[in-house]
Amino acid sequence: MGFNSNKCKVHLKTAVIRINMLKQKKANINQNAKREIAQLLNEGKDELARIKTEHVIREDVLIEAYEILESFCELLLARLPMIAHDKACPENLTEAICSLIFAASQSEIPELLEVRRDMEQKYGRQFCERALRNEGSCVNKRVVYKLSLQTPETPLVFSYLSDISRAHNIDWTPPADLMPQPPAIPGAFYGQAMPGQSMPMPMPGQPMPMPGQMPMPGQMP
C-alpha cells in the first residue's frame, strides 16, 4: 500500500487538534498546580512545593515541545503537494518529518503514529528507523531535549518558586538548599588569591577585605 496524501492530510490535521487539546489541558493543570504550590509555600512546606514545581516545569517544557511539533505539522500540511510529488524527502522538510517520526513514540499524541506510518509508506522503513535513532542529528535539537523529561535544575526550580510566591503575594524566602550556587573556581582556596585578583579568598563567614585592609607581608597569621 503506497503513500496516500489525503490520509496523511487528515492525520496531520487531527494531530494539530490533539496537540492544541493537550496544550490547553496541561496549561490548566499547571495553573491549578501553581495555586497549590503557593499555598504550600505559605504553610512552610517548601520541599513538597519544590517537588510539585518540578512537575510544573516538566509540563511547561512539554507544552513548548508540542508547540514546535504543531508548527511542523502545519508546515507539512502546507508542503503536502511537494511531499506527494517528490520521490525523495525534500531537504528543507527533513528536520520536520524526522522530528514528527521521532516524537510519535515519545509523546502523548497517538495521531503522530499514523503520520509516521504515512512517512514510512512514502520514504521506506529505513528512513523512519534513522529518524527514530536520530542519526545525523536529523531531529530538531529542542524537540529531543524537551521530550527527554530531564529533572529540572535547582536554579530553574528556584526561579519558578520565586515567581509563584510573588504572583500570589506570598512572603517567602528560599531555604539555602534552593539557592543557586556560584560555580567553583579551580585553584581558588581560602587565603589564596583567585585568578586575576590580588586579594586572597576570605575564610568562611569573613567578608572580602578591602585593598586598604590587606595585611602587609610578615603580618599574615
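**Stop 1: H4 against H5**

H4 and H5 lie oblique to each other. Select both helices to start the tour; the model is a predicted one. Their axes come within 8 Å and cross at roughly 130°. That angle is neither over 145 nor in the range 65 to 115, so the pair counts as oblique. The crossing is left-handed.

Now show side chains at the contact. From H4, pick Ile97, Leu100, Ile101 and Ala103. From H5, pick Leu112, Arg116, Met119 and Tyr123. Colour them by class: seven are nonpolar, none is polar and one is charged.

**Stop 2: the loop between H4 and H5**

Stay with this pair and move to the connection. H4 covers 94–103 and H5 covers 111–123, with Ser107 in the loop between them. Is Ser107 buried or exposed? Ser107 is buried, because its relative accessibility is 19% and the cut-off for buried is under 20%.

Draw a distance from the side chain of Ser107 to the backbone of Ala103. A polar atom of that side chain lies 2.8 Å from the backbone oxygen of Ala103. Ala103 is also one of the H4 residues in the contact with H5.

What else does Ser107 touch, leaving aside neighbours within four places in sequence? Select Tyr66 and Leu112. Leu112 belongs to the H5 side of the helix contact at the previous stop.

**Stop 3: H2 over H4**

Keep H4 on screen and add H2, residues 46–78. The two axes come within 9 Å and cross at roughly 125°. That makes H2 oblique to H4. H2 passes H4 in a left-handed crossing.

Select the H2 side: Leu69, Phe72, Cys73, Leu75 and Leu76. Then the H4 side: Glu95, Ala96, Ile97, Ser99, Leu100 and Ala103. By class, this contact holds nine nonpolar residues, one polar and one charged.

Some H4 residues should look familiar. Ile97, Leu100 and Ala103 meet H2 here, and Ile97, Leu100 and Ala103 also take part in the contact with H5.

**Stop 4: H2 across H8**

Hold H2 and swap H4 for H8, residues 154–167. How do H2 and H8 lie to each other? Their axes come within 10 Å and cross at roughly 100°. H2 and H8 are therefore roughly perpendicular.

On H2, select Ala49, Arg50, Thr53, Glu54, Val56, Ile57 and Asp60. On H8, select Thr154, Leu156, Val157, Tyr160 and Leu161. The class count is seven nonpolar, two polar and three charged.

**Stop 5: Arg58**

Next, pick Arg58, in H2. Arg58 counts as partly exposed because its relative accessibility is 24%. Which residues does Arg58 touch, not counting those up to four places away in sequence? Leu149, Gln150, Thr151 and Pro152.

Add Lys146 and draw a C-alpha to C-alpha distance. Arg58 and Lys146 are 88 residues apart in sequence, yet 8.4 Å apart in space.

**Stop 6: two positive phi angles**

Leu149, a contact of Arg58, is the next selection. Leu149 sits in the loop between H7 and H8. Leu149 is partly exposed, with a relative accessible area of 49%. Check the backbone: phi is positive, about 55°, although Leu149 is not a glycine. Most residues other than glycine have a negative phi.

Now jump to Asn134. Asn134 lies in the loop between H6 (125–132) and H7 (141–146). Asn134 is not a glycine either, and phi is positive at about 55°.

**Stop 7: His11 on H1**

Go to H1, residues 5–42, and select His11. Is His11 buried or exposed? At a relative accessible area of 18%, His11 is buried. Beyond residues up to four places away in sequence, His11 touches Glu111, Glu114, Val115 and Asp118. Show those four, then show H5 (111–123) along with them.

**Last stop: the whole chain**

Zoom out and colour by secondary structure. The chain has eight helices and zero strands. From the N terminus on, the elements run α-α-α-α-α-α-α-α.

Switch to a colouring by accessibility. Of the 221 residues, 38% count as buried; Ser107 and His11 are among the buried ones.

Finally, try a contact map. Take the contacts with a separation of 6 or more: residues 24 or more positions apart account for 67% of them.

Note on methods
Residues are numbered from 1 along each chain as its sequence is written. This is a predicted model: local features need pLDDT of at least 70, side-chain atom pairs count only at pLDDT 80 or more; totals for chains, interfaces and linings use all residues. Side-chain values use heavy atoms; hydrogens and water are left out. Helices (H or I, at least four residues) and strands (E, at least two) are DSSP runs, numbered from the N terminus. Buried means under 20% relative accessible area, exposed over 50%, partly exposed in between (1.4 Å probe, protein chains only). A polar contact is a pair of N or O atoms within 3.5 Å; within protein, one must be able to donate a hydrogen and the other to accept it, and residues adjacent in sequence count only if both atoms are side-chain atoms. Contact means heavy atoms within 4.5 Å. Axes are lines fitted to C-alpha atoms, for helices over the stretch in contact, and angles run from 0 to 180 degrees between N-to-C directions. Angles under 35 degrees count as roughly parallel, over 145 as roughly antiparallel, 65 to 115 as roughly perpendicular and the rest as oblique. A crossing is left-handed if the near helix is turned anticlockwise from the far one by less than a right angle, and right-handed if clockwise. Ala, Val, Leu, Ile, Met, Phe, Trp, Tyr, Cys and Pro count as nonpolar, Asp, Glu, Lys and Arg as charged, and the others, Gly among them, as polar.
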